[in-house]
Amino acid sequence: MSLELHPDRLFPADPTVRDMARELYDSVSTLPIISPHGHVPPQWIADDVAFEDPTSLLITPDHYITRLLHASGVDLADLGVRTHLDADAARRAFRLLCEHWPVFRGTPMRYWFESQLVEVFGAYLEPSATSADALYDRISSWIEAPTSRPRALMQQFGIEFLATTDDPCDDLAHHARIAGDESFTPRVVPTFRPDVYLEPARSTWVPAVDRLAEVSGIDTGDYAGWVAAMEDRRAYFREHGAVSTDHSHRDLGTQRLPAAEAETLYAEARAGRISVTDGDRLRRHMVDEMARMATEDGLTMTLHPAVHRNHHGPTLERFGADVGADIPIGVEVTQALAPLLGRYGTHPNLTLVVFTIDETVYSRELAPLAGFYPALRIGVPWWFIDAPDAIRRFRAAVSETAGFTRTSGFIDDTRAFLSIPARHDMSRRLDCAHLAELVAQHRLGLDEAAETARYLVVDQPRQVFGI
């Protein structure tokens with residue numbers, strides 16, 4: 001079956017509103033892509049790595065796709081997850097996707113994938129058991145072209161800014177090489193992601209903190225040393241272009257401990273004796289410490305809590321973390337952030353962006369908080385809710401209380417490099433559709449809507465992340 005992308009996809013059904021949405025979209029469709037949070041490996045860009053095959057390019061790194069195929073009975077190993085596939089196995093994996101294509105009906109993954117097929121590869125075949133090999137061969141031929149390398153694609157896609165996600169002990173050599181190449185104009189920067197260093201009750205914490213001492217040259221034997229080492233690495237990241245830090249923990253707690261108690265719990269953690277409860281207490285104190293550091297070095301602080309990581313034990317044991325087995329849980333915001341916001345919520349040098357997968361807190365907690373605290377921004381829908389209806393619900397839930405200026409700008413949060421333009425295009429279409437509805441209801445003028453559309457696409461993310 002032939003695959004076509006309708007030019008009015010995601011726009012309102014009412015023809016008058018649709019015309020306005022189209023006009024607004026046309027005004028922003030070719031603006032550059034600002035991507036302040038994602039998971040593209042910097043080595044791909046530093047080395048301009050040639051993609052290997054359609055499966056490792058489109059399926060294996062995209063846990064949105066692999067998790068739904070897994071739910072449909074496909075073994076993750078057969079999709080290349082933590083397993084290298086030879087040429088025949090890679091082709092079989094692509095066939096598995098095409099054979100299971102109906103399971104993606106109604107999902108954003110279908111939207112992104114079809115956009116890539118048509119707009120990137122020029123492939124106008126709907127995935128199916130009968131079209132799988134033809135699509136695979138088409139994409140394979142595309143991969144072989146010099147214009148299909150990451151650097152050329154960033155230019156073609158109009159990606160002006162791209163942030164990766166990096167361990168605080170990373171030497172950032174790939175970033176240094178990218179920044180040192182004056183012939184490459186897009187900006188690629190690291191993001192400071194210290195989660196493992198802020199979870200004292202985990203078995204990985206002591207080795208991580210030992211490594212932190214080794215890299216920073218600062219003794220982390222006591223809490224003061226840990227603080228100094230973290231400040232040192234944040235400064236190193238800033239020197240290499242970082243604009244933000246990224247944090248994901250089970251809750252949003254930020255209760256600060258008395259200095260003596262923090263020192264005592266830190267010593268317990270170093271000795272491997274800290275309880276889970278006390279580990280959480282020290283972690284919340286450390287998160288607050290990160291906010292204090294942000295007021296001093298100016299790095300935007302992003303929090304995205306409330307995910308049960310690695311929900312399925314056997315999958316974790318077999319494949320490791322980050323393969324699609326993370327499941328959202330509920331989160332409380334107002335009380336949890338009260339300590340941090342009480343100290344820093346009006347600080348002129350703090351920008352705090354809070355994301356959530358718990359939609360119930362948008363209008364009840366996040367929008368009212370962001371409507372008062374100058375430091376706080378609401379992170380746009382991401383991960384499980386970066387989908388058309390969820391994005392529409394987000395705008396309706398927060399705009400009436402916090403307006404448009406208190407949000408973050410779109411975050412694509414992707415490991416699937418070629419889906420970046422499709423994800424940003426979806427966001428632009430949906431925001432323009434929402435703005436057109438407001439114009440149709442005489443709540444905004446068309447000129448105001450056009451100004452807001454541009455603001456959401458480029459001006460807001462530059463402002464929020466200090467780009």
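**Sheets, a helix crossing and buried residues in a predicted model**

W383 touches H63, Y64, V307, R309, D326, I357 and D413, when residues up to four places away in sequence are not counted. The structure described here is a predicted model. W383 is found in the loop between β9 and α17, the latter spanning residues 388-402. With a relative accessible area of 7%, W383 falls under the 20% limit and is therefore buried. A further spatial relation involves I411: W383 and I411 are separated by 28 residues in sequence, while their C-alpha atoms lie 9.3 Å apart in space.

Strand β9 belongs to an open sheet of 4 strands, arranged in the order β4-β5-β8-β9 with parallel pairing. The edges of this sheet are formed by β4 (244-247) and β9 (376-378); each has a single partner strand, so one side of each is left without a neighbour in the sheet. From one strand to the next, the twist averages 20 degrees. In general, the strands of a sheet pair through backbone hydrogen bonds, in either a parallel or an antiparallel manner. The pairing of β8 (residues 352-354) with β9 is parallel and extends over 3 bridges. Within this pairing, L352 stands opposite L376 of β9.

Strand β5 of the sheet contains T300. The relative accessibility of T300 is 4%, and this residue therefore counts as buried. The contacts of T300, again without residues up to four places away in sequence, are V243, S244, T245, T351, V353, V464 and F465. Beyond β5 (300-303), in the loop that leads to β6 (307-308), A306 is found. A306 has a positive phi of about 65 degrees although it is not a glycine. Most residues other than glycine have a negative phi. A306 is also buried, as its relative accessible area is 1%.

A second open sheet consists of 3 strands in the order β1-β2-β3, and its pairing is parallel. Here β1 and β3 occupy the edges with a single partner strand each, so that one side of each is left without a neighbour in the sheet. Neighbouring strands of this sheet are turned against each other by 5 degrees on average, with direction ignored. Helix α18 packs on the sheet, where it touches β1 and β2, and the direction of α18 makes about 105 degrees with that of β1.

The pairings within this second sheet can be described strand by strand. Strand β1 (residues 33-35) pairs with β2 in the parallel sense over 3 bridges, and I34 stands opposite F161 in β2. Strand β2 is likewise joined by 3 bridges to β3 (residues 187-189), and these two strands run parallel. The bridge partner of A163 in β3 is V189. Of the 5 residues of β2, 4 are buried, so this strand is largely enclosed by the rest of the structure.

The segments on either side of β2 also show local features. In helix α8 (residues 150-157), the residues P150, R151, L153, M154 and F157 are buried. These residues lie on the same side of α8, because they cover an arc of only 165 degrees around the axis. Just after α8, G158 takes a positive phi of about 75 degrees. In the loop between β2 (159-163) and α9 (173-179) lies L172. The phi of L172 is near 60 degrees, a positive value in a residue other than glycine. L172 is buried, its relative accessible area being 0%.

Helix α18, which packs on the second sheet, also meets helix α6. The axes of α6 (residues 108-120) and α18 (residues 420-440) come within 9 Å and cross at roughly 115 degrees. This crossing of α6 and α18 is right-handed. On the side of α6, the contact is made by P108, Y111, W112 and S115, and on the side of α18 by A422, R423, D425, M426 and R429. The residues of this contact divide into 5 nonpolar, 1 polar and 3 charged.

Definitions and conventions. Residues are numbered from 1 along each chain as its sequence is written. This is a predicted model: local features need pLDDT of at least 70, side-chain atom pairs count only at pLDDT 80 or more; totals for chains, interfaces and linings use all residues. Side-chain values use heavy atoms; hydrogens and water are left out. Axes are lines fitted to C-alpha atoms, for helices over the stretch in contact, and angles run from 0 to 180 degrees between N-to-C directions. A crossing is left-handed if the near helix is turned anticlockwise from the far one by less than a right angle, and right-handed if clockwise. Contact means heavy atoms within 4.5 Å. Ala, Val, Leu, Ile, Met, Phe, Trp, Tyr, Cys and Pro count as nonpolar, Asp, Glu, Lys and Arg as charged, and the others, Gly among them, as polar. Two strands pair if DSSP finds at least two bridges between them. Buried means under 20% relative accessible area, exposed over 50%, partly exposed in between (1.4 Å probe, protein chains only). The arc is that of the directions from the helix axis to the C-beta atoms.
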